[in-house]
Structures are given as structure tokens and as C-alpha cells.
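This report describes one protein model in plain terms. It begins with charged pairs and then turns to the fold as a whole.

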Amino acid sequence: MKYIKTLIIYFLFLGILNAQNQTESYIYESIKFECPTENDTIKALYKSAFEALNTPKYINTAGKIFFNILQIDKSLCDAYFFTGIALTQQEKHQAALSYYYYADSLATNNNSVFKEELAQAALRVNNVGLARKKYEEIIKYFPEDPDGYYGLGLTATTLGDSEEGLKNLEIAEQKYLSEQSWTVQRKNEVWLMKAILLTMEERYKEAIDYFERCEDTFGELEDFNANLALSAYHLYQEKNDEQWKKRCLEALQKLQDKEKLKESFLAIFKFE
């Protein structure tokens, strides 16, 4: 049967972004500018903007300062990028996307950070096609960066190329392990994506195994339970084993907002 997509990208990626925003800070002297300037006025504005960007109540001020820099010199890709950062922190995601896009386009060299932030911004506004394009560029220009492969796996949960997604998640895992950044959170994210993609591949028992691995982290997520219910239901159909019927019904009962799910999805589950 045709796999029914839900909303995995939005919820999963939102958690990642929140974690990043909590730990990121910016110091002028440590910034490697992609489009440097020798203008002393602009340098002073950058310093003030970064100080504001590091203080939540002054995020709006930071954005205005970066915007003022662009009024002086519209070729400065970094000013576009950090305007995007300020807008993201204010949850002005559509506007942020435009600034990240200009930053990536104006950069004198391929910049993995610009491309990754642009991909993330695209996901926030459900532009999965643009996100996929940027993750593919990261893989092309920065083949040792695991985030490109991770992003390809993530976007596969919506675009539907599940086999390609699974292959790239395996590559991402190995590269995270190599650079010692295979954290508990990242591991659970990859397990969840694998579970979704294996459900799409109709490899239901394997999918259940991965759902169980990440249940403590994602067990309340709508997408987790919708896809777990789907895998468990098909196992019940195949094996006529009551344990899978029970598992399916438990997952369905945990769905909080059934109105957002397609009627065709809920109509799948028929028990005598």
C-alpha cells in the first residue's frame, strides 16, 4: 500500500534547532568572515551587533544593526547571514529564509554553515525541495561533513526516497562516530528517521525495533505514534498476533490531534 506521510520533519527539526540556539554565542574576534570588509564603521557595527545577538532581549536590535550594515554595503554575505540568525531567533522564518538565501548566493566560496542554515530555514517553512538541494550541495562540497547525509535522510521522510535516505543515514552515523559527535540526542533522531523510512519500505519488524529504541525520547510525538501504529498494524495483518494489535491500538490512542491526520490514514485500521 502507499505510505501516508505525516509531519516528521517539522517536529524533529524543531527540537534540533532549539538545542542549537541554546548553546550558540558569537564573538566578533572569533568570526571567520566569508565576505570580509576593511570599513572601520562596519567593523564597529558588527561588534555592537554581535553583543546584542548574544542577549535575548536585544535580538531585534541586533537584526536592525546587521540590516544597517547592508545599507552601507550590500555585498557583505555575512551581514545577510547574521540578519537571518536574528530573524530566526525571533521566529520570523520566512524573512530569515530570504537572508540566508542571499548569504549563500553572495558567498565567495562554498560555505557549509551558510548552506546548512539555509536548509534548516527551508525546513521551517516546509520548503523541503530547497532543503534537499542544500544538503546535496553539502555532500558534494564537504563530503566529510555528516550533516549533509543526515539532512538527506531527514528530507527523505517527506520526499519518499526511503532507500536513499536509509543509505545516507548509515553514512552519517559512521561520520558522526569518526568525529566523536554521535550524541545520545543525535542517535535517537537517526533511529526515529530510520523507523519512519523502514515503515515506508514496508520492513515493519525492523521499523518497530527502531521505534522501540527511541521511544523514551520521542514516544509522545505524533509522527512517532502514527508510524508505529502503521507498522504494528501491518505486522498484525501478516502474523495475526494479538501483541501487534495491542501495540497498534496503544499507539493510536496516544495520538493527540487526530483531526490533522488524513481520513485515509485512519481508515486503514480495521479490526474485527
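## Salt bridges

The structure holds 16 salt bridges. A salt bridge here is a side-chain nitrogen of Lys or Arg within 4 Å of a carboxyl oxygen of Asp or Glu. Side chains of opposite charge can pair when their charged atoms come close. The model is predicted: local features need pLDDT of at least 70, side-chain atom pairs count only at pLDDT 80 or more, and totals for chains, interfaces and linings use all residues. Residues are numbered from 1 along each chain as its sequence is written, and side-chain values use heavy atoms, with hydrogens and water left out. The term pLDDT is the predictor's confidence in each residue, from 0 to 100.

Three of these pairs are set out below.

| Pair | N to O distance | Place |
|---|---|---|
| Glu137 and Lys115 | 2.7 Å | helix α7 and helix α6 |
| Lys194 and Glu170 | 2.6 Å | helix α10 and helix α9 |
| Asp209 and Lys205 | 2.8 Å | both in helix α11 |

Helices (H or I, at least four residues) and strands (E, at least two) are DSSP runs, numbered from the N terminus.

## Glu137 and its partners

Glu137 lies in helix α7, which covers residues 128-141. What does Glu137 touch, not counting residues up to four places away in sequence? Glu137 touches Asp104, Lys115 and Phe142, where a contact means heavy atoms within 4.5 Å.

The side chains of Glu137 and Lys115 are also joined by a polar contact of 2.7 Å. A polar contact is a pair of N or O atoms within 3.5 Å; within protein, one must be able to donate a hydrogen and the other to accept it, and residues adjacent in sequence count only if both atoms are side-chain atoms. In the salt bridge between Glu137 and Lys115, the closest N and O atoms are 2.7 Å apart. Lys115 belongs to helix α6 (residues 112-124) and Glu137 to helix α7, so the pair ties together parts that are 22 residues apart in sequence.

Is Glu137 buried or exposed? Glu137 counts as buried because its relative accessibility is 16%. Buried means under 20% relative accessible area, exposed over 50%, and partly exposed in between (1.4 Å probe, protein chains only). Lys115 is buried as well. Salt bridges link Asp104, Lys115, Lys134 and Glu137 in a network.

## The other two pairs

Lys194 is in helix α10 (residues 184-200) and Glu170 in helix α9 (residues 162-178), so this pair ties together parts that are 24 residues apart in sequence. Lys194 counts as buried at 3% relative accessibility, whereas Glu170 counts as partly exposed at 36%.

Asp209 and Lys205 both lie in helix α11 (residues 204-213), 4 residues apart, about one turn of the helix. An α-helix has 3.6 residues a turn, so residues three or four places apart point the same way. Asp209 is partly exposed at 30% relative accessibility, and Lys205 is partly exposed at 40%.

## Helix α13 and positive phi values

Helix α13 has 18 residues (222-239), which at 1.5 Å a residue should span 26 Å; its end C-alpha atoms are 26 Å apart, in agreement. The expected span is 1.5 Å times one less than the number of residues. Of the 18 residues of α13, 15 are buried, so the helix is largely enclosed by the rest of the structure. Asn240 follows α13 and has a positive phi, near 50 degrees.

Most residues other than glycine have a negative phi, and most peptide bonds are trans. Glu91 is not a glycine, yet its phi is positive, about 60 degrees. Glu91 sits in the loop between α4 (77-89) and α5 (93-106) and counts as exposed at 64% relative accessibility. Gln180, also not a glycine, has a positive phi of about 60 degrees. Gln180 is in the loop between α9 and α10 and is exposed, with a relative accessible area of 76%.

## The whole protein

The protein contains 15 helices and 0 strands. Of its 272 residues, 53% count as buried. Among contacts with a separation of 6 or more, 59% come from residues 24 or more positions apart.

The average pLDDT is 90, and 89% of the residues score at least 70. Over residues 19-23 the pLDDT is below 50, and this stretch has 1 contact in the model beyond near neighbours in sequence. Where pLDDT is low, the predicted coordinates should not be read in detail.
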